[in-house]
Amino acid sequence: MLRNEPFVLNDHSASRSDPELHTAGQGAGNTQLPIPGDMEQAGWVAWVAALRAWIFLALLLVIFESWARYIYHASFILNPFNIQSIAVFTVSPLLLALGQTF
């Protein structure tokens, strides 16, 4: 099988030069797997879908950091008040999680 041709599963025999193999939905038993170029795009989309929460978090950090620098002329990420606030509010869930382990 050549690398640029799609792998086709069908319930009838067809030649590789059949134009129906390259069109989606053209037969009842014709199931196509994507060609390598489509697999690269599908891999990229799957990567973005898997990391969507981290991408959203990074976007929030960029927005809040730029807003804090513009309005307050100070850092949002390394602000001592924010670090203290994060530490205070993470204590109770961490204590609950620790209690669940015993």
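**A walk along helix 2 and its neighbours**

Let us start at the surface: Phe56, Leu59, Leu60, Ile63, Phe64, Trp67, Tyr70, Ile71 and Tyr72 together make a nonpolar surface patch of about 970 Å². Keep in mind as you look around that this is a predicted model. One member of the patch, Phe64, is found in helix 2. With a relative accessible area of 37%, Phe64 is partly exposed, because that value falls between the 20% limit for buried and the 50% limit for exposed residues.

It helps to step back and see where this helix belongs. The secondary structure of the chain comes to 3 helices and 2 strands, and reading along the sequence gives the pattern β-β-α-α-α. The chain has 102 residues, and buried ones make up 7% of them. That figure is worth remembering when we come to Glu65, which is buried.

Now for helix 2 itself, which runs over residues 52–71. How far apart should its end C-alpha atoms be? At 1.5 Å a residue, its 20 residues should span 28 Å, and the end C-alpha atoms are indeed 28 Å apart, so the model agrees with the expected span.

Begin at Arg52, which lies in this helix. Arg52 is exposed, with a relative accessible area of 60%; it counts as such because the cut-off for exposed is over 50%. Its side chain nevertheless has a partner, reaching the backbone oxygen of Ala49 at 2.6 Å.

Further along helix 2 we meet Glu65. Is Glu65 buried or exposed? Its relative accessibility is 13%, so Glu65 counts as buried, the limit being under 20%. What does its side chain contact? One polar contact, of 2.6 Å, joins the side chains of Glu65 and Arg69. Another, of 3.3 Å, joins the side chain of Glu65 to that of Ser75.

The pairing with Arg69 deserves a second look. The side chains of Glu65 and Arg69 meet in a salt bridge, with an N to O distance of 2.6 Å. Both residues lie in helix 2, 4 residues apart, which is about one turn of the helix. How many salt bridges does a search of the whole structure find? The count is 1. The Glu65 end of this salt bridge is the buried residue we have just visited, at 13% relative accessible area.

Leaving the helix, we come to His73, which follows helix 2 and has a positive phi, near 55°. Here the positive value is found in a residue other than glycine. Where does His73 sit? Its place is in the loop between helix 2 and helix 3. His73 is also exposed, since its relative accessibility is 70% and exposed means over 50%.

Beyond that loop, our last stop is helix 3, covering residues 80–100. Its 21 residues reach 31 Å from the first C-alpha to the last, close to the 30 Å expected at 1.5 Å a residue. Helix 3 also has a bend: the helix turns by about 30° at Val91. Look just past that point and you will find a proline, Pro93, which follows within four residues.

Conventions
Residues numbered from 1 in each chain as written. Predicted model: local features only at pLDDT ≥ 70, side-chain atom pairs only at ≥ 80, totals over all residues. Heavy atoms only, no water. Expected span 1.5 Å × (residues − 1). Bend = angle between axes of the 7 residues up to and from the residue. Buried < 20%, exposed > 50% of the residue type's maximum accessible area, 1.4 Å probe, protein only. Polar contact = N/O pair within 3.5 Å; in protein donor to acceptor, adjacent residues only side chain to side chain. Patch = residues over 30% accessible without salt bridge, like charges linked within 9 Å, V, L, I, M, F, W, Y side chains within 5 Å. Areas by Shrake-Rupley, 256 points an atom, 1.4 Å probe, with all protein chains shown as cover. Salt bridge = Lys/Arg side-chain N within 4 Å of Asp/Glu carboxyl O.
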